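Here is a short report on three residues of one protein model. Please look through the sequence and the structure before reading on.

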Amino acid sequence: MNINSLEFSGMNFNFEFKKINKKIDHREHFGKILTVRLPCNPIFPIGPIYLADHIHKCFPKIEQQFIDLAIIPSKEVSKYLCRKIDQFRPHLIIFSWYEF
């Protein structure tokens, strides 16, 4: 398994991960968070919504966007996600997946 890639339902995403220097305070640099709900069971994504609400309450200046890939046709998921990342330019991406 490659640590710089994510494979989900036949879709392969390649990302470049960077280590954070713990000696430097990066709080002012993390101004955008993108929460991505991966395609899974058709349920209301309450977990990521609670998380986004908590982040907003603790860090109201952080800009957040939420995308639900379950509503995007499977052939377009990779292109849509890449386009959204390119447009929003988040500092942190959170992937949410729930399968029971």
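What follows covers three residues, their places and their contacts.

This is a predicted model, in which local features need pLDDT of at least 70, side-chain atom pairs count only at pLDDT 80 or more, and totals for chains, interfaces and linings use all residues. Residues are numbered from 1 along each chain as its sequence is written, and side-chain values use heavy atoms, with hydrogens and water left out.

Helices (H or I, at least four residues) and strands (E, at least two) are DSSP runs, numbered from the N terminus. Buried means under 20% relative accessible area, exposed over 50%, and partly exposed in between (1.4 Å probe, protein chains only).

| Residue | Place | Relative accessible area |
|---|---|---|
| Gln 64 | strand E4 (residues 63-68) | 23%, partly exposed |
| Ala 70 | loop between E4 and helix H2 (77-88) | 35%, partly exposed |
| Ser 96 | strand E5 (residues 92-96) | 17%, buried |

Contact means heavy atoms within 4.5 Å. Residues up to four places away in sequence are not counted for Ala 70, which touches Arg 37 and Pro 39. The C-alpha atoms of Ala 70 and Arg 37 are separated by 7.3 Å, though the two are 33 residues apart along the chain.

Ser 96 also meets Arg 37. Beyond its neighbours within four places in sequence, its other contacts are Val 36, Leu 38 and Pro 48.

Gln 64 has its own set. Leaving aside neighbours within four places, Gln 64 contacts Ile 33, Ala 52, Ile 55, His 56 and Phe 88. A polar atom of the Gln 64 side chain lies 3.0 Å from the backbone oxygen of Ala 52. Leu 34 is 30 residues from Gln 64 in sequence, yet 5.8 Å away C-alpha to C-alpha.

Terms used
A polar contact is a pair of N or O atoms within 3.5 Å; within protein, one must be able to donate a hydrogen and the other to accept it, and residues adjacent in sequence count only if both atoms are side-chain atoms.
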